[in-house]
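Trainee: Could you take me on a close look at one helix and what surrounds it? I'd like the details residue by residue, in plain words.

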Amino acid sequence: MAGVTRDGGASARGRVPLIAGNWKMNLDHLQAIAFVQKLAWSLKDARHDFGAVEVAVFPPFTDLRSVQTLVSADKLPIAYGAQDVSAHAPGAYTGEIAASFLAKLECGYVIIGHSERRTLHGETDDEVAAKTVAAIGAGIVPLVCVGETAEDLERHGASAVPLAQLEAVLESIPKGAEFVVAYEPVWAIGSGQAATPDQAQQVAAALRGAIAQRLGDDAAGGTRILYGGSVKAENIAGFMRQPDIDGALVGGASLDVEGFSAIVRYQKHVGV
Ligand code: PGA
């Protein structure tokens, strides 16, 4: 376990690392039950300390009730949440899901402003902010995604766009509310080409600086900032060694139980 001391990561700074699996539009509710059961077994088998590294899954809406039933019946130490939420209270919004509905399903988190929502559904910074407020109002921790496209990177460098996206949300976050930020360079998502740990650290540090400026040092010190974009078991350790990276939002590699479980147990191979 020499790797644990070499981690120097989030837990050393009082932030419990979070490894989050974004399933996107994969796995129906039956597959979700089998997956979460297997994941819990795999991690228990490996004696994973859930208090040291938190694990969360983000299944499609239609899976959430099944996941809730399983997690609560078997008292599984796995958190879960939705991949999106409506900014509105219940009412005439065909096809949308209210934050209060997710709260009833005991969702601990909700992903907001994922780049696929921003690009494919034209989600704006204002909508991301409104959804964040709705989640917080329902007692759900928003996991707010920010990140630059390849074109943004070329034109403005890595930090400018994610910073602007985060600042647009920070204005609406009430003091004292818990939230998580996921820095996901759009060019790294699903491409197999992750950012380098240094690159991700630089942006994460800038994002933390923006939180400090808007909400104070305590909020900045307590807020978890995740990296996302082609994270896998082979590269997670490098990210977790960075002082401002407190976990990962994992897409493709979160769909394989053994692969995801290996990412969660990065402390065992942090020296890799
Ligand atoms: P990826 O996706 O791990 O497949 O790159 C990350 C994400 O979109 O959250």
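Mentor: Let's start at the tail end of the helix: just after H9, glycine 216 takes a positive phi of about 100°. Keep in mind that this is a predicted model.

Now back into the helix itself. H9 covers residues 197-215, and its 19 residues should span 27 Å at 1.5 Å a residue; the C-alpha atoms at its ends are 26 Å apart, which agrees.

Next, look at what H9 hides. Its buried residues are Ala200, Gln201, Val203, Ala204, Leu207, Arg208, Ala210, Ile211 and Leu215. There's a textbook rule to hold against that list: an α-helix has 3.6 residues a turn, so residues three or four places apart point the same way. Try it on Ala200, Val203, Ala204 and Leu207, which are among the buried ones.

What do those buried residues pack against? Three strands and three helices come up if you go through the neighbours: strand E5 (141-146), helix H8 (160-170), strand E6 (180-183), helix H10 (217-222), strand E7 (224-228) and helix H11 (236-240).

Glutamine 201 deserves a stop of its own. It sits in helix H9, and at 12% relative accessibility it counts as buried, because the cut-off for that is under 20%. Its side chain is joined to the side chain of aspartate 244 by a polar contact of 2.8 Å. Leaving aside neighbours within four places in sequence, glutamine 201 touches Gln242, Pro243, Asp244 and Ile245.

Stay with that stretch for a moment, and you'll meet arginine 241 in the loop between H11 and E8. Arginine 241 is partly exposed, with a relative accessible area of 31%. Compare its position with aspartate 198: the two are 43 residues apart in sequence, yet their C-alpha atoms are 9.9 Å apart in space.

Proline 243 and aspartate 244 were both on the contact list of glutamine 201, and proline 243 also leads us to arginine 15. The backbone oxygen of proline 243 lies 3.2 Å from a polar atom of the arginine 15 side chain. That arginine also makes a side-chain polar contact with aspartate 246, at 2.9 Å. Arginine 15 belongs to the loop between H1 and E1, and it is buried, with a relative accessible area of 5%.

Right beside it in the chain comes valine 16, which lies in the loop between helix H1 (2-7) and strand E1 (18-22). Valine 16 counts as partly exposed, at 33% relative accessibility. Setting aside residues up to four places away in sequence, it touches Gly51, Ala52, Val53, Glu54, Arg224 and Asp246. So aspartate 246 turns up twice, since it also makes the polar contact with arginine 15. For a sense of distance, valine 16 and valine 85 are 69 residues apart in sequence and 25 Å apart in space, C-alpha to C-alpha.

Here's another helix to hold up beside H9. Helix H12 (residues 257-264) has seven of its eight residues buried, so it is largely enclosed by the rest of the structure. Those seven are Val257, Gly259, Phe260, Ser261, Ala262, Ile263 and Val264. Their cover includes E1, helix H2 (29-45), strand E2 (54-58), H11 and strand E8 (247-250). H11 is a neighbour you've met already, as the buried residues of H9 pack against it too.

Two loops around H2 are worth a glance for their backbone. Lysine 24, in the loop between E1 and H2, has a positive phi of about 55° although it is not a glycine. Arginine 47 sits in the loop between H2 and E2, and it too has a positive phi of about 55° without being a glycine. At 74% relative accessibility, arginine 47 counts as exposed.

Lysine 24 also takes us to the ligand. Of the 13 residues around the ligand, Lys24, His114, Glu184, Gly190 and Ser230 come nearest. The shell divides into four nonpolar, seven polar and two charged residues. A polar side-chain atom of histidine 114 is 2.7 Å from an oxygen atom of the ligand, and a side-chain N or O atom of glutamate 184 is 2.7 Å from a ligand oxygen as well. Glycine 251 takes part through its backbone, with a polar atom 2.8 Å from an oxygen atom of the ligand. On its own the ligand has 290 Å² of accessible area, and the protein covers 95% of that.

Definitions and conventions
Residues are numbered from 1 along each chain as its sequence is written. This is a predicted model: local features need pLDDT of at least 70, side-chain atom pairs count only at pLDDT 80 or more; totals for chains, interfaces and linings use all residues. Side-chain values use heavy atoms; hydrogens and water are left out. A residue is near a molecule or strand if one of its heavy atoms lies within 4 Å of it. A polar contact is a pair of N or O atoms within 3.5 Å; within protein, one must be able to donate a hydrogen and the other to accept it, and residues adjacent in sequence count only if both atoms are side-chain atoms. Accessible areas come from the Shrake-Rupley method with a 1.4 Å probe; for residues, only the protein chains shown count as cover. Ala, Val, Leu, Ile, Met, Phe, Trp, Tyr, Cys and Pro count as nonpolar, Asp, Glu, Lys and Arg as charged, and the others, Gly among them, as polar. Helices (H or I, at least four residues) and strands (E, at least two) are DSSP runs, numbered from the N terminus. The expected span of a helix is 1.5 Å times one less than its number of residues. Buried means under 20% relative accessible area, exposed over 50%, partly exposed in between (1.4 Å probe, protein chains only). Contact means heavy atoms within 4.5 Å.
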